[in-house]
Amino acid sequence: MNITRREWALAAACWAEVARAQTNQSNLFAWFNPADAAEIKAIACQIIPDDNTPGADAADVILFIDRSLAGFDQDKQDLYQHGLAETEAKRAELFPGSTSIASLPDSQKITLLKAIEKTDFFQQVRLHTILGFFGQPMGSKFLGVQHQMHFEPPFGYYDAEAPK
Amino acid sequence: MSMVQFRPADAVDFIVVGIGAAGGVMAKELSTAGFRVVALEQGPWRHEKDFKHDEVGVMFRAGLTNNPKKQVNTFRKTPADPAVQQQAVEYGCMVGGGSVHFTTNYWRFHPEDFRERSVQGAVPGADLRDWPLTYEDLEPYYTKAEWDLGISGLGGSNPFDGPRSKPYPLPPMPVKSSGVLFERGAKKLGLHPFPAPLAIISQQYKGRPACVHCGYCEAFGCEVGAKSSTLAAAVPAAVKTGRCEIRPNSYVRKIEAGKDGKVTGVIYFDPDGREVFQRAKAVVVCANGSETPRLLLMSKSNAFPEGLGNTHGNVGKYLMFDSGGFAFGLFDHPLNEYKSVVATRVLHDYYRSDPKRGFYGGGGIDSRMDYYPAGFALAGMPLDWPQWGSEWKRDLAQYYTHMSGTLAHASCLAVEQNSISLDDKVKDAWGLPALRVTFKNHPDDLKVADFLMERQKEILLAAGAKKVWADQTTLGEITYSRHLMGSCRMGDDPKISVVNRWNRVHDVPNLFLVDGSSLVTCARQQPTATIQALAYRLAHNLQKRGASL
């Protein structure tokens, strides 16, 4: 594979941004404010929980969502803003006295998300969460995928049944 | 490799618009025959090193396809409905076009597909017609395509196929567990499964390396050049002739016509957004079943006030989409379907229309579980199950490697009001009228898809699946398609068709169309072999007779 100088420069810049994001918490997000990010992260972590295996938190899905909204999915910014506002209103209605989605106990988070799971907002957060987790090796490895560029038969258990 | 460069003011012999399955073949065949060719492609010219296993970028961010945020389209079910902005068509947007990202099923149409109207009779509410050519007319060009591009398969293994003049050049791909189980189930039911003919080379062929079974075929570009796309198998030869210039990132907005009714060249936006007028003695449009009619409709002139080829108002009409649903089955042991090519077994037992069923149509069925990880998490589990949370997550991991599936490729009837037209309100990123799709399935399309779904489940159950379910999202009326067929029908009568039996526009002597748009019927989908056979046939006849077909 030939890698040009420009590609190296781009790759280096990209990794530099990730490293900066990981070390400099005040500049973590390109589009979210930290408070909204904490709320969206709380939703993403119910969609793909970090239970006995890694989930949305371990995969830093919130950063993927943030970069998506700052880039390819800029047209989804309004959906996030309005959807989050409506979800916060629903939270206040279901759990009077609560202050944020992130601070709800898990059982109440699930109740809240079941109440909004048919909305465009939830479906969009679900899509972004899935892409951020399963679109990279942590997610595909979780499904049992071996990462190789080259496989040879037999590929699966039943291949052996084929007539030779 | 250096490439010839032509000046826009010098009239080349042919301009090819769109370098996809057909355009790549035209560029190669015409330049090899000695013609000077400028081939224009709206997408970029990528190479094997540019392709990546990036599901998010390719599948969810239009990495290799038309970008609905730039190539805007609108959709409505009927002309009475308002057209709303939503993606309804998807096509490969790069040098090689759809042949780069297709799954590679390479089925020939059956002899009866070319004369179904005569055999089956008229279908109320549709316009089923015979083709003006026969399977026998096209057979040499199917063979030419298979041998020129490199197709793997087992000739004679499908008892429903038409006669072949030669076997496939390459043996079939190794069977996967999904194919083994499909064959097990189908044979128990007395059916006739056969090795899938695929546009992927199972052995080294013409200097290209054999498939490495990496598993990223459908929707992706092949990183080793083993997929027999025109990018890998035709464009390099075209450039090598020294008579073909490939111009990527070139977006054609109009075909110009003179007062004498002949086309004189095309106007396109170059990569810097500047308008260029390239002159030519003849133009071949291969821009797919949606963009080809759109370009003709945008090419209005004094001689052709309704657009090129549209004297009788037929351009854009009789659009056909790909129908057919997915059925899935869960098995005891791992299949690991993420490895290697998508489909390794097919059956055509339900292909032929049977009046006893009470509706027109039929379909082919292939073995496949072609979800990539994120797509699977998004939509792979039964819809009546949880779709997020711990339980869902646990099930995903249990199912992904243990699932098999089948996909039906079903007939879709040609209906006059199903069409491509120009949107009168919405514009694309170049300020041109957005592509407007009007599409509503004929009722028989839905009946045949439901019928096939029951057959698909039977096969999976007979194979020993412990749980079988239909992907409900792939049944019912469709509003989105990757197979874009019809829209500039072929026929002998200029009043009811757009191109003649030689793929020449009826009333324009030096304008040719070859892609999905000229298909009279869609047979049972999988149109690439037929599109490419038509391209080889057109190129051969242009070589024999010059541009006077």
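User: Let's start with helix 6 of chain A: what span should its 15 residues have, and how far apart are its end C-alpha atoms?
Analyst: Happy to work through it, keeping in mind that this is a predicted model. Helix 6 of chain A covers residues 120–134, and a helix is expected to span 1.5 Å times one less than its number of residues. For these 15 residues the expected span is therefore 21 Å, and the distance between the end C-alpha atoms agrees with it: 21 Å.

User: How many of the 15 residues in helix 6 of chain A are buried?
Analyst: A residue is called buried when its relative accessible area is under 20%. Among those that pass this test in helix 6 of chain A are Phe121(A), Val125(A), Ile130(A) and Phe134(A). The helix is mostly covered, and the number of buried residues is 12.

User: Now the place where the two chains meet: about how much area do chain B and chain A bury between them?
Analyst: The size of an interface is often given as the accessible area lost when the parts come together. Here the contact draws 43 residues from chain A and 41 residues from chain B. Carbon and sulfur atoms hold 65% of the buried area, and the total is about 4,000 Å².

User: Which three residues of chain B supply 22% of the area it buries against chain A?
Analyst: No other three residues of chain B supply more of that area. One of them, Lys393(B), also forms a salt bridge with Asp51(A), with the closest N and O atoms 2.7 Å apart. The three are Arg61(B), Trp388(B) and Lys393(B).

User: How many salt bridges are counted between chain B and chain A?
Analyst: Polar contacts between the chains come to 24 residue pairs. On the side of chain B that touches chain A, there are 22 nonpolar, 10 polar and 9 charged residues. The count of salt bridges between the two chains is 5.

User: Is Glu291(B) buried or exposed?
Analyst: Glu291(B) is found in helix 9 of chain B, residues 288–298. Its side chain is joined to that of Arg294(B) by a polar contact of 2.9 Å, and Glu291(B) also touches Gln42(B), Tyr91(B) and Leu435(B). Its relative accessibility is 9%, so Glu291(B) counts as buried.

User: Why are Glu88(A) and Arg91(A) separated by about one helical turn?
Analyst: These two residues form a salt bridge, the closest N and O atoms being 2.7 Å apart. Both Glu88(A) and Arg91(A) are buried. They are separated by about one helical turn because, within helix 4 of chain A (residues 77–94), their spacing is 3 residues.

User: Arg352(B) and Glu112(B) meet in a salt bridge; how many residues apart are they?
Analyst: The N to O distance in this salt bridge is 2.7 Å. Arg352(B) lies in the loop between strand 11 and strand 12 of chain B, while Glu112(B) lies in the loop between helix 3 and helix 4 of that chain. The pair links distant parts of the chain, and the separation in residues is 240.

User: And which of these counts as buried, at 15% relative accessibility?
Analyst: The cut-off for buried is under 20%. Arg352(B) has a relative accessibility of 48%, so it counts as partly exposed. At 15%, the residue that counts as buried is Glu112(B).

Definitions and conventions: Residues are numbered from 1 along each chain as its sequence is written. Chains are lettered from A and ligands numbered from 1 in the order in which they are written. This is a predicted model: local features need pLDDT of at least 70, side-chain atom pairs count only at pLDDT 80 or more; totals for chains, interfaces and linings use all residues. Side-chain values use heavy atoms; hydrogens and water are left out. Helices (H or I, at least four residues) and strands (E, at least two) are DSSP runs, numbered from the N terminus. Buried means under 20% relative accessible area, exposed over 50%, partly exposed in between (1.4 Å probe, protein chains only). Contact means heavy atoms within 4.5 Å. Buried area is the accessible area (1.4 Å probe) that two parts lose on being put together, summed over both. A salt bridge is a side-chain nitrogen of Lys or Arg within 4 Å of a carboxyl oxygen of Asp or Glu. A polar contact is a pair of N or O atoms within 3.5 Å; within protein, one must be able to donate a hydrogen and the other to accept it, and residues adjacent in sequence count only if both atoms are side-chain atoms. Ala, Val, Leu, Ile, Met, Phe, Trp, Tyr, Cys and Pro count as nonpolar, Asp, Glu, Lys and Arg as charged, and the others, Gly among them, as polar. Lists of a residue's contacts leave out its neighbours within four places in sequence.
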